[in-house]
Amino acid sequence: MVIVTRIRREVLTLPAAELGPDNPLPPLRLLDDGGTAHALRAVGDHGADECERDALPRDMARGIGYGPLRSLLPVRIRDGYGRTREPRALDALVIENDRLRATVLPGLGGRVVSLVHLPTDRELLYRNPVFQPANLALNGAWYAGGIEWNIGATGHGALSCAPLHAARVPAPDGGEMLRLWEWERLRDLPFQVDLWLPDGSDFLYAGVRVRNPHEHPVPLYWWSGTAVPEDRRIAVPAKDAWEFGPERRLRRVPVPSYDACHPCATDWFYDIPQERRRWIAALDADGHGLVQTSTDELRGRKQFVWGSGPGGRRWQEWLGASGTGGYREIQAGLARTQLEHVRLDAGGEVSWLEAYGPLTAHPERAGEALEAVLPRAALDAARAAWQPYADAEPGELLATGSGWGALEVLRTDRKLPGTPFAESTLGEEQAPWRELLRTGTLPEPRRVRPPGPTLVAPHWRDMLETAPATPHTEYHLGVAQWHAGDRAQAVRSWERGLRLAPSLWPLLRCLAVADQEHGHHERAAERYADAFDDLCRERRDDGETWTAACAALGREALEALLRVRRVADARAVWEALLPATRERGRFRLLEAELLLAEGRPRAARAVFDSGFEVADLREGADVVDRLWARLGDEPLPARYDFRLRPPGP
C-alpha cells in the first residue's frame, strides 16, 4: 500500500497582533481584574458551596473539591500584546492525506487552526481570519478558533500562546505522525499529542498521553476545545446537562435544543450515560459539519456560547474580525465538568484517542451516522494500534518548545520515552537554575535587569533554602515560599533581601502585594511608590524588557495609590510612564480614573469619548462599566460593553 499522508512546513500569513513580552512581575495573585473570569470562575471553590455540593453526584462533588488552582506560579502572565494587527508570518505544520488537511501552529500552543475536508472543500472548524490575543487563558493571552489542547487547571491552558516541541514520528500504519509535546508547569506534567491521518481516512486522529513522573499524585485537568461556526446545531448522546451560567452555579437541566443559545455566556456539560459512546457533533442547517469522538477515557462533553446579549456579541467581534460570523465551542474532557480535576497517581499515566472528521446527518441520527463512518470498535482498535507507538522516538524535529522540561529531566535523570527534552533546549531563563542544581548556589545577575522567572516546586524551594542567602536568592526564595502558602516566611525572606539588595524594586513590590493581601493598603501604596521610583532610577534603556517592567509595576502602583486616595502620588507615577505606555488602552482607562479622582469628571469623560481599547481586559471584568457609571447616567456605549451578565442595580 502506498502511504500518501504528508507532513510539511508552511507559512501562514494573517493579520496578527504582536504577542509581546511576558509580564516580568511574579504572579503572586490569580488574575481577577474586578470581575469573575470564565477561565477562573470561582477558583477557590469552583463555584459550588458545601450545600450545593451535597446535591451533586458524589464523584462530581469530590472532583470539584480536588486540586483547585491556588497560584499561577511558576508561569508568567502574558499581557504584552496589543490590538494593532499587521500581516505577520506564522510558522505552520500541515498534515494531509487525500481526504483531510490539518494546519497546526506549533509556536502557538499546537493549535489545529484549520481542518479541511478536501473532497467537498469544506472547512470543518471555525477558522479565525486573524490572530488576536485576549485575556482568557489562565495566564492571559489566548486566541479564538480551531482545536486547542487545555491542560493544567480550570480554563484555557497556560500554553495557549506558547511554543511546543514538534517532530515526525512513525505512525501505526507505516506512515508518519506529527507529535507535539511539552512540560506543563502548573502541575509539572509532561504530555504529548500525536496527530495522524491514516491513508484514505476521513478522520484526523489525536492520540493524547499525560504522564506523572513524580512520587506523589497530581490533580489532572484536560479538555480538548473545538471552535465551530456559531450557526451550527449541536448533537450529543445525552438527555440532561449541567448548566453553568451567569450565576456561576451548576444546575441540572434538560439538554437544550440543537441550536441553543442564551442571552448570557453559558456552559452546558452533557451528562452522557456511562455505557454510551462519547461524541459531540456540530452540524449546519443541511446536516453537514464536524463530529468529535473519542475512546471512553475522555468522559465529558461540553458546549459553550457567548450569548446573544450585547456583551457576548462584543466579545465575538473582539476576538475575530467583524462580519465573519461568530463561533461556539464544543469540548471534550477527562471529567464530567470543567470545574473538576481527576487524580493522576504517582508514576502513572493516562492516554486516549480522539477523532475529528466530517459528518452528514440530521442531529437526531448523528450517532447512527457516526457509527456507520467510524465504528466505535474501529476507534478502539486504532487506539490499541497507536499505544505502542506512543513511546516511539521522534525523528526530524520540526519545532522547539521551552527548556523547562529539559531542566526537570536534568534534575531527576528521568527517561521519558517518546518525549525527549533535550539539554540543547536549555536557554537563558533556565541558566541560573541549572547553576543552582550544579553548584548549590543561585548566581547573581551579571547585569542590572528585571529578575527572571522563579521555580517554586518543593525540590527547588529546598535548594533555595540551602543556597547562600544573597539578596537575589532571598527574592526567589520568598516567591517560592509565598507559592507554598508560607506567607510570613516569604515576607521575612524579602525583608532580609532588602537590607543588602542593589536592586530594591522587585523586593518592595513583593512586600507591597503581601501588605495588600493582609489589608495594609496604606503601607502597600507607600511601598509601591518607592518601588516605582527605584525602578525608574535603575532602568537602563527603553527596550522590551525594561518597558514591560515599568508598565507592569506602574499599573500596580497606580491602582494601589488610587485605592488609598493618594492622588498626587498617582499623578507622579503617571507622568513618569513612557509616552507609548500611557497610550495603551489599559493606561487610558487608568488615566480616566485618575482624572476622576482629581475632581475632573469632564476630562475623564473626554478619555472615553476619544476612544480606547483595553487589550488585556479580562473576561467577566466590570472595571470599564463601573468607571463609566461613575461619570453619569448615560447607557454604556456599545464599544465598551463586554458585560456577560445582565446589568445589575
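This passage describes the nonpolar cores, one buried helix, and the internal and open spaces of a predicted model.

A good place to begin is the packing of nonpolar side chains. In soluble globular proteins, such side chains tend to be buried together. In this model the largest nonpolar core holds 67 residues, and the members that touch the most others are Trp 433 and Trp 494. The biggest contribution to this core comes from helix 13, spanning residues 544–563, which supplies 11 residues. A second core, separate from the largest one, is made up of 54 residues, including Leu 164, Leu 180, Leu 189 and Leu 220.

The surroundings of Trp 433 deserve a closer look. When neighbours within four places in sequence are set aside, Trp 433 is in contact with two other tryptophans, Trp 404 and Trp 460. Its contacts also include the leucines Leu 407, Leu 442, Leu 455 and Leu 464, and the list is completed by Pro 453, Thr 454 and His 476.

Helix 11 offers a clear example of a covered element. It runs over residues 505–517, and its 13 residues reach 18 Å from the first C-alpha to the last, close to the 18 Å expected at 1.5 Å a residue. Of these 13 residues, 12 are buried. The buried set contains nonpolar residues such as Trp 505, Leu 507, Leu 508 and Val 513, but Arg 509, Asp 515 and Gln 516 are buried as well. The cover over these residues includes helix 9, helix 10 (487–500), helix 12 (521–538) and helix 13. Just after helix 11, Gly 519 adopts a positive phi of about 85°.

Helix 13 appears again at the second largest pocket, which encloses about 880 Å³ of space. This pocket is lined by 30 residues, with Glu 428, Glu 429, Arg 449, Pro 450 and Gly 452 closest to its centre. Helix 7 (431–439), helix 9 (471–483) and helix 13 each give two or more residues to the lining, and helix 13 gives the most, with 4. By character, the lining comprises 13 nonpolar, 6 polar and 11 charged residues.

Enclosed spaces were also searched for across the whole structure, giving 9 cavities of 30 Å³ or more. The second largest cavity has a volume of about 110 Å³. Among the 13 residues of its lining, Leu 14, Val 113, Asn 128, Val 130 and Tyr 143 lie nearest the centre. The lining of this cavity divides into 9 nonpolar, 3 polar and 1 charged residue.

Definitions and conventions: Residues numbered from 1 in each chain as written. Predicted model: local features only at pLDDT ≥ 70, side-chain atom pairs only at ≥ 80, totals over all residues. Heavy atoms only, no water. Core = buried A, V, L, I, M, F, W, Y, C linked by side-chain atoms within 4.5 Å. Buried < 20%, exposed > 50% of the residue type's maximum accessible area, 1.4 Å probe, protein only. Contact = heavy atoms within 4.5 Å. 1 Å grid on protein atoms, 1.4 Å probe; cavity = no way out; pocket = protein on both sides within 12 Å on 5 of 7 lines; lining within 4 Å. Points joined across faces, edges and corners; volume = space filled by probe spheres on them. Nonpolar A, V, L, I, M, F, W, Y, C, P; charged D, E, K, R; others polar. Expected span 1.5 Å × (residues − 1).
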